[in-house]
Amino acid sequence: MTRRTWAAIGLVLAIGLVACGQDPPSMLDSRAPEARSVERVWWLMFALAAAVYVVVAGFIVMAIVRGRRGASRPAREREPKDDTFIWYGGIVAPVVILAVLAVVTIRTTQDLRRAEQGELRIEVTAKRWWWDVRYPDAGVATASEIHIPVGRPVDFVLTSDNVVHSFWVPQLAGKVDTIPGQTNHLRLTATEAGTYRGMCAEYCGIQHAYMSYVVIVEEPVDFERWMARRTAGAGLSPGSEEAARGQVVFNREACAGCHAVKGTPATGTIGPDLSDFGGRQSIGSLAVPNNRANLARWITEPARIKPGNLMPPTALSAEDLAAVIAYLEGLR
Amino acid sequence: MTIAERPPVADPELLELWEDAPGIPGFLSTVDHKRIGLRYIYTCFFFFFAAGLMALVMRAQLATPEAELLGPQTYNEMFTMHGTMMIFLFNTPVLAGFGNYLIPLMLGTRDMAFPRMNAFSYWVFLLGGLLMFSSFFVGTMPDGGWFGSTPLVGKTYSPGLNVDFWGLGIVFTGLSTTVGSINFIVTIFKLRAPGMSLNRMPIFVWSMLVFSFMAILAVPAVTLATGLNELDRLFGTSFFVPALGGSVLLYQHLFWFWGHPEVYILFVPATGMVSQIIPVFSRRPLAGYFWVAGSLVTVGFISFGVWVHHMFATGLPAVAMAFFSGVSLIITLPSGIQFFAWIATMWKGTVRLTTAMLFAIGFLLIFLLGGITGVMVAVLPFDWQVTDSYFIVAHLHYVLNGAVVFPIFGALYYWLPKMTGRMLSEKLGKLSFWVMFVGFNITFFPMHILGFLGMPRRVYTYDNGLGWGGLNAMVSIGSAIFGLGTAITLFNWIRSRRRGDPAGDDPWEADSLEWSTTSPPPDYNFAAIPLVASRHPLWDQRPLPFAESGEEPETRGLGIDGAFERETPVTSGIDTRPEGNLEIPQETYLPFVLALGLTVLFLGLLVHAVVVGVIGVAMAVMAMLWWTWRTEEDLAPPEPDAKPPKNEVAGSREPV
């Protein structure tokens, strides 16, 4: 039976390795100091756990094997006292291991999430079911895509104005809940450029599954460039005539009641800020990739893509729809 | 106390005196702890298989990425009901069911201390459970998760009846658990057979004692949490509404102040079962009895100091969390002690690998891993990563499925022969074990890895290309195998009712008192009460002596005269000196009526109908008043001619 267990574990590991080829947001593929120190803790614990499992399971198997022989065991074989098992196996060994873990816990925890000088403050408010992201110092807003620079400490100021959600980017750091009526902080410094998937980790209602987001870690130059464009506001100058007409439709129809586009009359706050929509990778918090076809479906039948989401369907003529799409995709 | 020469077992006149009325009236009015205990077990297994089927449907949905078998709403209802039913309608009450059936037999007494309260706790559980389950047919299944975090389960975000079914159901099953626990404690302290001092109680009795104290202390917290939330929902208060100054974290504290002890409420009796099974099939007493009993009590205390480890991600101060992290590490120690007590027992014993023993060993191997991952999630920074991910789903199933359900299945194979008088097939049993064990590990082991790969729990689907597909397919296949394994036991169980071999009194050559009576036991359990002089009476006292009625009122109930009076002896709490007799009440509808009244009140709250609520309260109050006033009448000794003159009894005392 142990052989079967090992075979199963081997199989699992093999599948796990194959899965790694697909680039999952794995906490064991850490890209920032907090995730890295937790990963180190994990491998230490894994080593201890594997040793404990093998030794104790070995005792269990040996106990059964000896017990099966029962009365036919050589009578003069010396048997340890019952209390010997309990003292060494049940008390001494666990106390030593737990003491190690207690020290590791406290030392690791002390090093993480410390306030630092020159932090970039980013206010993240969990919505149903997307993320409102604001850079208060620059007056910039976006949604479900968070840009941060490499090397600069970031202070995510986390809250919610509805139910409890949880902010989790496994490759960067552990999770922190966003709780209505309370502000939590997650402090981290990204060290490696890249796009990291984040997810809502706390069950929050019908579309908990599609409340993902990305954290885009950029070199400081790229980040500053992105920030400069956001500060200027893309909405002021639609790139084409169609886009300009789209802006008119957008502000005339229900869109502007919920969505904001920086520098235009659209200042709704119920839905995501769309000021940089054209530059985003996805629609509906990573529900589908951001392209014209998906956007058309999203505007007319949002529930088909993300059932239960709070955006109402909007009926537009084909012409108006195309114009709005041109407008939104041009917001870069 | 004098000693009877032969143990009187089944006496036709006694049977008539103790028997329930036939048919429906007897069914609704019985107060016999064995009928109630079996009912608990049957009802719980109904809910177990229903909740298990839901799990299989969920696994079918998750087997492939972006599947569309279930919509998000249905999936959310399914996982909510799966968890709620497994915790509130299976795990907790099924242990109460085994306790109900076995504890009076293990203690050598004729019923529970409060037989009518016992019937009441079952009816409340059944009706509350059925009402919660009925939401399935009304189409408003609870959808807020089994621990229903506020404000998600508040009126604003869950306006439908879904959450009311859940909240009121929890209040009801909590009531049932509390009533049952009070009954266990009094039974265990006051109804033990003479000679069964505390240090001679079977470990399972110890575990149910700890279960009961923990339940009494913990359940009020969850009742308060869900009750206050229902006040918010039904009557517009704002305990948990942040916009109106309520506190979200208060709910979480209250809920988990019950929630973590609850894990041990489930786990402790399961280990108690293992501590009965392993020694019997190792042919020797349990190693370290004091260590094990002490561990159970210690776990009971410590488990009240770990609840915050469910809230490590809520942004509490690090110093506070470090404390709870430490306590969560320490609570491992009592389990480690038990572990090595079991190992030592087998090491120095003579092991027989029966089905029950296989389930106990399977429990050891599974709980070992569940315990290890439990230590890991106590480590604060690691928990920040894995909490609310599939790692936790894996961990909690290793503990609550592997370390609780496996012992319960072992207990079925071990004790059902006592309950039904029929053996289960060992061949099918072993097959069932192996299928379950393999299926279990294929299902739940890969979930650890899914957690590392970033899969959050409670998602109804996931994108292709995240690399979660292969492991999820494997998990789903495993779950089908596990389900098949449980179905084999169900089949075995049903088959045994007609085709099982007769069990005899003591098929396993076990040590505790339940095996000294017939299988199934007569309605009065013991015509005369056994006299205990050992921790393992059936091994050390051959033949087992039974008491004879003395002349004094304290000792009259010990012998067969007590059985003729529908009495059972009361003994002192520590050293079991006979102190008097407890009247066992006759059958009565009152518990059923009281439970029904509360259920009508529940319905009234659910549909916001004041009239219905008032009718329910009126029924309940009437039943309670009647209950109080009729006590004398119910307890009146039987008509004089019901008890034959003593000299005629002698002949009928022979075992039948």
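**Exercise 1. Polar contacts across the interface**

Task: Count the residue pairs in polar contact between chain B and chain A, then find which helices of chain B supply the touching side.

Solution.
Step 1. The model is predicted. Across the interface of chain B and chain A there are 21 residue pairs in polar contact, with both residues at pLDDT 80 or more.
Step 2. Now assign the side of chain B that touches chain A to helices. At least two residues each come from helix 4 (72-107), helix 8 (248-280), helix 10 (318-330), helix 11 (332-347), helix 12 (355-378), helix 13 (380-386), helix 15 (426-452) and helix 16 (469-499) of chain B.
Step 3. Rank them. Helix 11 of chain B gives the largest share of this side, eleven residues.
Step 4. Sort the residues of the side by class. The side of chain B that touches chain A holds 54 nonpolar, 25 polar and nine charged residues.

**Exercise 2. Extent of the interface**

Task: State how many residues take part in the contact of chain B and chain A, and how much area is buried.

Solution.
Step 1. Count residues. Chain B brings 88 residues to the contact and chain A brings 89 residues.
Step 2. Take the area. About 7,700 Å² is buried between chain B and chain A. Carbon and sulfur atoms give 73% of that area.
Step 3. Look for the main contributors. Of the area that chain B buries against chain A, 12% is supplied by B:W347, B:W384 and B:Q385, more than any other three residues.

**Exercise 3. Salt bridges**

Task: Find how many salt bridges there are over all chains and how many lie between chain B and chain A, and examine two examples.

Solution.
Step 1. Over all chains the count is 25 salt bridges. Between chain B and chain A it is three.
Step 2. Take an example across the interface. A:D82 pairs with B:K348 in a salt bridge, with the closest N and O atoms 3.1 Å apart. The cut-off is 4 Å, so the pair qualifies.
Step 3. Take an example within chain A. A:K127 and A:D161 form a salt bridge, their closest N and O atoms 2.7 Å apart.
Step 4. Place the partners. A:K127 sits in the loop between strand 1 (120-126) and strand 2 (131-135) of chain A, and A:D161 in the loop between strand 5 (153-160) and strand 6 (165-169) of chain A, so this pair ties together parts 34 residues apart in sequence.

**Exercise 4. An aromatic pair**

Task: Classify the pair A:Y210 and B:Y460, and say what it joins.

Solution.
Step 1. The whole structure holds 94 aromatic pairs over all chains.
Step 2. For A:Y210 and B:Y460, the centres are 6.2 Å apart and the planes make 75°. Planes over 60 degrees apart count as edge-to-face, so this pair is edge-to-face.
Step 3. A:Y210 lies in the loop between strand 9 (194-200) and strand 10 (213-218) of chain A, and B:Y460 in the loop between helix 15 and helix 16 of chain B, so the pair joins two chains.

**Exercise 5. Backbone details**

Task: Locate the cis peptide bonds at A:W129 and B:P543, then describe the hairpin of strand 3 and strand 4 of chain B.

Solution.
Step 1. A:R128 and A:W129 are joined by a cis peptide bond, omega about -5°. A:W129 is in the loop between strand 1 and strand 2 of chain A.
Step 2. B:R542 and B:P543 are also joined by a cis peptide bond, with omega about -5°. B:P543 is in the loop between helix 17 (537-540) and strand 2 (546-548) of chain B.
Step 3. In chain B, strand 3 (residues 567-571) and strand 4 (residues 578-583) run antiparallel, joined by five bridges. B:P569 has B:N581 of strand 4 as its bridge partner.
Step 4. Six residues lie between the strands of this hairpin, where B:T576 takes a positive phi near 55°.

Definitions and conventions: Residues are numbered from 1 along each chain as its sequence is written. Chains are lettered from A and ligands numbered from 1 in the order in which they are written. This is a predicted model: local features need pLDDT of at least 70, side-chain atom pairs count only at pLDDT 80 or more; totals for chains, interfaces and linings use all residues. Side-chain values use heavy atoms; hydrogens and water are left out. Contact means heavy atoms within 4.5 Å. Buried area is the accessible area (1.4 Å probe) that two parts lose on being put together, summed over both. A salt bridge is a side-chain nitrogen of Lys or Arg within 4 Å of a carboxyl oxygen of Asp or Glu. A polar contact is a pair of N or O atoms within 3.5 Å; within protein, one must be able to donate a hydrogen and the other to accept it, and residues adjacent in sequence count only if both atoms are side-chain atoms. Helices (H or I, at least four residues) and strands (E, at least two) are DSSP runs, numbered from the N terminus. Ala, Val, Leu, Ile, Met, Phe, Trp, Tyr, Cys and Pro count as nonpolar, Asp, Glu, Lys and Arg as charged, and the others, Gly among them, as polar. Two strands pair if DSSP finds at least two bridges between them. Rings of Phe, Tyr and Trp (its six-membered ring) pair if their centres lie within 6.5 Å; planes under 30 degrees apart count as stacked, over 60 as edge-to-face and the rest as tilted.
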